[in-house]
Structures are given as C-alpha cells and as structure tokens.
Amino acid sequence: MVKTVLKIEGMMCGMCEAHINEVIRKNVPGVQKVKSSHTKGESMLVTTEEPNIEVITQAIAGTGYKVLSSKSEPYVKKFFQAENPF
Ligand SMILES: [Cu+2]
C-alpha cells in the first residue's frame, strides 16, 4: 500500500474536491481511499501500488486543476480506536 499526497492548485470548494476525487478514482488503478481538501490545496490517496503520477497529473490537468507536486510513501494502517475503559 502506498500513500500519496498531491499538492493541487485551483480547488475552491467542496465541489472541486468531489471532482478531483472522481478523476482520481477513474484514472488510478487500485485506489483504496481518496480524500481532497480545498483549504489545504491537497489530495491524499492510498493505492495498492505506486501510482503513476504522470497519468494523474494529466487527468487532473484535463479537468482544469494543476498538480504542483506529489509525495509518495509506504502506507501503514494506524488504529486509533478508543480503548474500552471497562
Ligand atoms: Cu469548487
């Protein structure tokens, strides 16, 4: 599993986030999770294998947004489940 964070220029609201999420889901094989934030100007995706940034950049550019940078790292599932005190 790989976690990738994309810095994206042009997202202005929740609709933009949804738009980017859809583009990523459609163009990236093995997407497990995708989350975008227009306030942070970034999208986070978790994929089964290292994603093709070139393909993602092209697909996102085709919708009018611009990928400024990307960073991939191994994804380790974290469990923040609250312990039952009893
Ligand atoms: Cu928008």
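What percentage of the 86 residues of the protein count as buried? The share is 21%. The structure is a predicted model. Its secondary structure comes to two helices and four strands, arranged along the sequence in the pattern β-α-β-β-α-β. Among contacts with a separation of 6 or more, 62% join residues 24 or more positions apart.

**The sheet**

- The four strands form an open sheet with antiparallel pairing, in the order β2-β3-β1-β4.
- β2 and β4 (66-74) are the edge strands, each pairing on one side only.
- On average, neighbouring strands of this sheet are turned by 15° against each other, direction ignored.
- In a regular strand, side chains alternate between the two faces of the sheet.

**Strand pairs**

- β1 and β4 run antiparallel and are joined by eight bridges.
- Two of the β1-β4 partnerships can be located by residue: Glu-9 has Lys-66 as its bridge partner in β4, and Val-2 has Pro-74 as its bridge partner in β4.
- β1 also pairs with β3, in the antiparallel sense, over six bridges.
- Thr-4 stands opposite Leu-45 in β3, and Leu-45 is also one of the residues of the largest nonpolar core.
- β2 and β3 run antiparallel and are joined by six bridges.
- Ser-36 has Ser-43 as its bridge partner in β3.
- The hairpin of β2 and β3 has four residues between the strands, and Gly-41 in this hairpin takes a positive phi near 65°.

**Helix α1**

- Helix α1 covers residues 14-27, which is 14 residues.
- From its first C-alpha to its last, α1 reaches 20 Å, close to the 20 Å expected at 1.5 Å a residue.
- Its buried residues are Ile-20, Val-23 and Ile-24.
- These buried residues lie on the same side of α1 because they cover an arc of only 95° around the axis.
- An α-helix has 3.6 residues a turn, so residues three or four places apart point the same way.
- Exposed residues on the other side of α1 are Gly-14, Met-15, Ala-18, Arg-25 and Lys-26.
- Met-15 counts as exposed because it has 10 C-beta neighbours inside 10 Å, and the cut-off for an exposed residue is 12 or fewer.
- The C-alpha atoms of Met-15 and His-38 are separated by 9.3 Å, although the two residues are 23 residues apart along the chain.

**How the helices pack**

- The buried residues of α1 pack against three strands, β1 (2-9), β2 (31-37) and β3 (42-47), and against the helix α2 (53-61).
- α1 packs on the sheet, where it touches β1, β2 and β3, and its direction makes about 155° with that of β2.
- α2 lies across β1 and β4 and runs at about 150° to β4.
- Leaving aside residues up to four places away in sequence, Val-23 of α1 touches Ala-59, Ile-60 and Thr-63.

**The nonpolar core**

- The largest nonpolar core has 12 residues in all: Leu-6, Ile-8, Met-11, Ile-20, Val-23, Ile-24, Val-34, Leu-45, Ile-56, Ile-60, Tyr-65 and Val-67.
- β1, α1 and α2 each supply at least two residues of this core.
- The most comes from α1, which gives three residues.
- The buried residues of α1, namely Ile-20, Val-23 and Ile-24, are listed among the members of this core.
- Val-23 and Ile-60 are both in the core, and Val-23 touches Ile-60.

**An exposed loop residue**

- Where is Thr-48 placed? Thr-48 lies in the loop between β3 and α2.
- Why does Thr-48 count as exposed? Thr-48 is exposed because 12 other C-beta atoms lie within 10 Å, and exposed residues are those with 12 or fewer.
- Leaving aside residues up to four places away in sequence, Thr-48 touches Met-1, Gly-30 and Gln-32.
- Thr-48 and Lys-33 are 15 residues apart along the chain, with 9.9 Å between their C-alpha atoms.

Note on methods: Residues are numbered from 1 along each chain as its sequence is written. This is a predicted model: local features need pLDDT of at least 70, side-chain atom pairs count only at pLDDT 80 or more; totals for chains, interfaces and linings use all residues. The expected span of a helix is 1.5 Å times one less than its number of residues. A residue is buried if 20 or more other C-beta atoms lie within 10 Å of its own, exposed if 12 or fewer, and partly exposed in between; C-beta atoms are placed from the backbone. The arc is that of the directions from the helix axis to the C-beta atoms. Two residues are in contact if their C-beta atoms, placed from the backbone, lie within 7 Å. A nonpolar core is a set of buried Ala, Val, Leu, Ile, Met, Phe, Trp, Tyr and Cys residues joined through C-beta atoms within 7 Å. Two strands pair if DSSP finds at least two bridges between them. Axes are lines fitted to C-alpha atoms, for helices over the stretch in contact, and angles run from 0 to 180 degrees between N-to-C directions.
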